[in-house]
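Please examine the fold shown here, beginning with its overall architecture and then following one helix and its surroundings. The loops and the ligand shell come afterwards.

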Amino acid sequence: MADLRSPVDVRSELGLVASRLRDSFGVPQRKSRLPAPLDLLIATILSQNTNDVNSHKAYTNLKNRYPDLRMLAKVPPRKIEALIKVGGIANKKSKVIKRVLKEIEWRFKKFDRRSLRKTEREELIEKLRSLNGVGYKTASCVLLFSLGDNDAFPVDTHVHRVLNRLGVVSRTTPDKTFLAVKNQIPTGRGYELHLNLIKFGRRTCTAQKPRCYECSLYDICRWKEKASQVPVLKDKSKRKDFEFMLLEGV
Ligand code: SF4
């Protein structure tokens, strides 16, 4: 689908969205200690196709047993599988982890924060994507959460859904949305915008029944169906805990 907006529009709209969400959720604070790139990479692989809680349990199981995750290169896949079972598709994920560890050895001289920061953003994303099983989202998560790059901007399903409903972009997949917005993020606000969009996507602009009637972005949203969303009685007892975000807990 073609975009009618120029990059300037996209950048200024992202700025407006960022400011509105900041009014609602504030500026998320980083922990004082950033997670190691390898830890973050493996945590992101474990987060695929599961929820944050189970994914975090899988990651903690691995980390408790093998504090230095490089050790996993020598561990049989079935042992890894047993530790990460709680996170689902353990068979596939254990193989991806083993393969990624091997490929890191071939392709990166060092995989620590200092060495990775020496490579320019775009080049590093492509280098990380050359690892089998690592896509734009995972690569950008490493930059944002582990290298502390506040101009990196991972696009997951929540971010993709919200930006497309709002009409900031018109793209069919998270990867295409990422390519459309990656150079238009308000300077230094990637961390804030990414986390606040996820919060917003979980609380308000949900996949099934978006709560348009209480949306702080209603007036700027171009989603055609928004007018048909009517208020329903809230049952707070059924509301899930939306606060825990996996990659902030690594
Ligand atoms: S108005 Fe509805 S669809 Fe639009 S951003 Fe808000 S919750 Fe999402």
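From the N terminus on, the order of elements in the protein chain is α-α-α-α-α-α-α-α-α-α-α. The secondary structure thus amounts to eleven helices and zero strands, where helices (H or I, at least four residues) and strands (E, at least two) are DSSP runs numbered from the N terminus. The model is a predicted one, in which local features need pLDDT of at least 70 and side-chain atom pairs count only at pLDDT 80 or more, whereas totals for chains, interfaces and linings use all residues. Residues are numbered from 1 along each chain as its sequence is written.

Of the 250 residues in the protein chain, 33% are buried. A residue is termed buried if 20 or more other C-beta atoms lie within 10 Å of its own, exposed if 12 or fewer do, and partly exposed in between, with C-beta atoms placed from the backbone. Contacts require C-beta atoms, placed from the backbone, within 7 Å of each other. Among contacts between residues at least 6 apart in sequence, 68% join residues at least 24 apart.

Helix α2 offers a useful point of entry. Nine of its ten residues are buried, so α2 is largely enclosed by the rest of the structure. The buried residues of α2 are P37, D39, L40, L41, I42, A43, T44, I45 and L46. Their cover includes α3 (52-65), α4 (77-84), α5, α6 (113-117) and α8 (136-146). Two of these partners, α5 and α8, are described next.

The axes of α2 (residues 37-46) and α5 (residues 90-107) come within 10 Å and cross at roughly 155 degrees. α2 is therefore roughly antiparallel to α5; angles over 145 degrees receive that description, those under 35 count as roughly parallel, 65 to 115 as roughly perpendicular, and the rest as oblique. Axes here are lines fitted to C-alpha atoms, for helices over the stretch in contact, and angles run from 0 to 180 degrees between N-to-C directions. The crossing of α2 past α5 is right-handed, a term used if the near helix is turned clockwise from the far one by less than a right angle, while an anticlockwise turn is left-handed. On the α2 side, I42, I45 and L46 take part, and they meet K93, V96, I97 and V100 of α5. The residues of this contact between α2 and α5 comprise six nonpolar, no polar and one charged. In this classification, Ala, Val, Leu, Ile, Met, Phe, Trp, Tyr, Cys and Pro are nonpolar, Asp, Glu, Lys and Arg are charged, and the others, Gly among them, are polar.

Against α8, α2 packs at an angle of about 135 degrees, with the axes 9 Å apart. The two helices α2 and α8 are therefore oblique to each other, and their crossing is right-handed. Here P37, L40, L41, T44 and I45 of α2 meet T138, C141, V142, F145 and S146 of α8. The contact of α2 with α8 divides into seven nonpolar, three polar and no charged residues.

Beyond α2, the loop leading to α3 holds Q48 and N49. Q48 counts as partly exposed because it has 17 C-beta neighbours inside 10 Å. Q48 and G87 are 39 residues apart in sequence, yet their C-alpha atoms are 8.5 Å apart in space. N49, with 11 such neighbours inside 10 Å, counts as exposed. Most residues other than glycine have a negative phi. N49, although not a glycine, has a positive phi of about 55 degrees. I89, in the loop between α4 and α5, likewise has a positive phi, near 30 degrees; with 15 C-beta neighbours inside 10 Å, I89 counts as partly exposed.

Further along, N150 lies in the loop between α8 and α9 (157-166). N150 has 18 C-beta neighbours inside 10 Å and therefore counts as partly exposed. Leaving aside residues up to four places away in sequence, N150 touches G188, R189, G190 and Y191. The C-alpha atoms of N150 and Y191 are 5.4 Å apart, although 41 residues separate them along the chain.

What surrounds the ligand? There are 14 residues around it, of which C205, P210, C212, C215 and C221 come nearest; a residue is near a molecule or strand if its C-beta atom, placed from the backbone, lies within 6 Å of it. By class, the shell around the ligand contains nine nonpolar, two polar and three charged residues.

How values were computed. Contact = placed C-beta atoms within 7 Å.
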